[in-house]
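The following note sets out several numbered remarks for a colleague's consideration. Please read them beside the sequence and the structure.

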Amino acid sequence: MDPYRIRDGIGFVCFEGRTIILDVTADRYWQLGADAGAALEALRSGATNRIDAQALARLRALGFVEPAIATDPVLSGLTVPAQGPLPPPSGSLLEGPILPRRGDVWAAGEITLLAFTARAVLRARPLAAVLDRIVMQRTRTRAREDGPGLDILAQRFARLRRLVPLRPLCLPDSLAFLWFVMRRGHAPRLVFGVEAFPFTAHCWVQDGSLVLTDALDHASRFRPILVL
């Protein structure tokens with residue numbers, strides 16, 4: 001069998017009897033059978049001798065896998081690889097002790113602008129392009145020794161975001177938060193998660209095992225499908 005790889009921008013998670021797939025390039029979720037999940041898991045682990053040929057053929061026809069050859073990411077346009085697993089969430093910085101509010105006045109206008117900007121960017125640009133930029137910004141982010149920590153920033157963002165007259169939406173609010181903290185030298189991870197029964201999708205920002213933009217019990221309901 002010729003070597004294949006999971007295409008960049010594809011995330012998946014297996015549930016009993018079904019596989020949920022996120023295709024970032026197409027900006028949509030798919031639901032396939034358990035055989036698709038087994039084939040994707042075999043490709044991810046390198047156990048290619050266990051791949052069902054029919055399942056692989058369908059995954060290739062849908063564009064979820066591709067021949068494992070050297071490609072130029074600029075020419076292919078597929079530059080949003082998953083960044084590896086995170087530990088399961090064990091706490092939320094939004095549910096810790098209330099921290100000092102110094103700096104809220106200066107951050108209020110910035111958070112308002114970021115919340116509106118994130119919604120405008122997602123309407124104007126493909127999701128893959130938006131996430132590509134997040135990944136590139138993270139590589140340029142440098143830690144600062146004198147700035148506020150993620151605990152203060154997470155609480156500040158949540159507190160001031162509630163004052164912005166926009167309906168809460170997980171993806172634009174997560175992007176706005178990432179921009180807010182990356183400007184201050186932090187580079188947490190963006191997590192896309194799903195439930196299968198019934199299907200529900202969500203995303204949040206996480207650093208290690210700590211959730212930064214959601215309550216622990218809510219984020220824990222979802223199984224990560226893609227981590228950037």
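1. In this predicted model, T141 touches M182, G185, H186 and A187, once its neighbours within four places in sequence are set aside. T141 itself belongs to the loop between α5 (127-140) and α6. With a relative accessible area of 14%, T141 falls under the 20% cut-off and is therefore buried. As for A68, its C-alpha lies 31 Å from that of T141, and the two residues are 73 apart in sequence.

2. The loop that holds T141 leads to α6, and the packing of α6 (residues 150-161) against α7 (residues 170-182) deserves attention. The angle between these helices is about 135 degrees, and their axes are 11 Å apart. Since angles over 145 degrees would be needed for roughly antiparallel and 65 to 115 for roughly perpendicular, α6 and α7 are oblique to each other. The crossing of α6 past α7 is right-handed.

3. Which residues of α6 and α7 meet? On the α6 side they are L150, L153, A154, R156, F157 and R161, and their counterparts in α7 are D173, A176, F177, F180 and V181. Sorted by class, the contact of α6 with α7 comprises 8 nonpolar and 3 charged residues, with no polar ones.

4. Helix α4 (residues 104-124) also packs with α6: the two axes come within 9 Å and cross at roughly 70 degrees. This angle lies in the 65 to 115 degree range, so α4 and α6 are roughly perpendicular to each other. From α4, the residues D104, A107, A108, I111, A115 and R119 meet R156, F157, R159, L160 and R161 of α6. This contact of α4 with α6 has 6 nonpolar, no polar and 5 charged residues. R156, F157 and R161 of α6 thus appear in the contact with α4 and also in that with α7.

5. The cysteines call for a separate comment. How many disulfides does a search of the whole structure find? The count is 0. For C170, the nearest cysteine sulfur is that of C203, at 3.7 Å, and C170 is in no disulfide. Likewise, C203 is in no disulfide, its nearest cysteine sulfur being that of C170. The reason is that a disulfide requires sulfur atoms within 2.5 Å.

6. Are C170 and C203 buried or exposed, or in between? C170 counts as partly exposed because its relative accessibility is 31%. C203, at 4% relative accessibility, counts as buried.

Methods: Residues numbered from 1 in each chain as written. Predicted model: local features only at pLDDT ≥ 70, side-chain atom pairs only at ≥ 80, totals over all residues. Heavy atoms only, no water. Axes fitted to C-alpha atoms, helices over the stretch in contact; angles between N-to-C directions. Helix = DSSP H or I, 4+ residues; strand = E, 2+ residues; numbered from the N terminus. Parallel < 35°, antiparallel > 145°, perpendicular 65-115°, else oblique. Left-handed = near helix turned anticlockwise from the far one by under 90°. Contact = heavy atoms within 4.5 Å. Nonpolar A, V, L, I, M, F, W, Y, C, P; charged D, E, K, R; others polar. Buried < 20%, exposed > 50% of the residue type's maximum accessible area, 1.4 Å probe, protein only.
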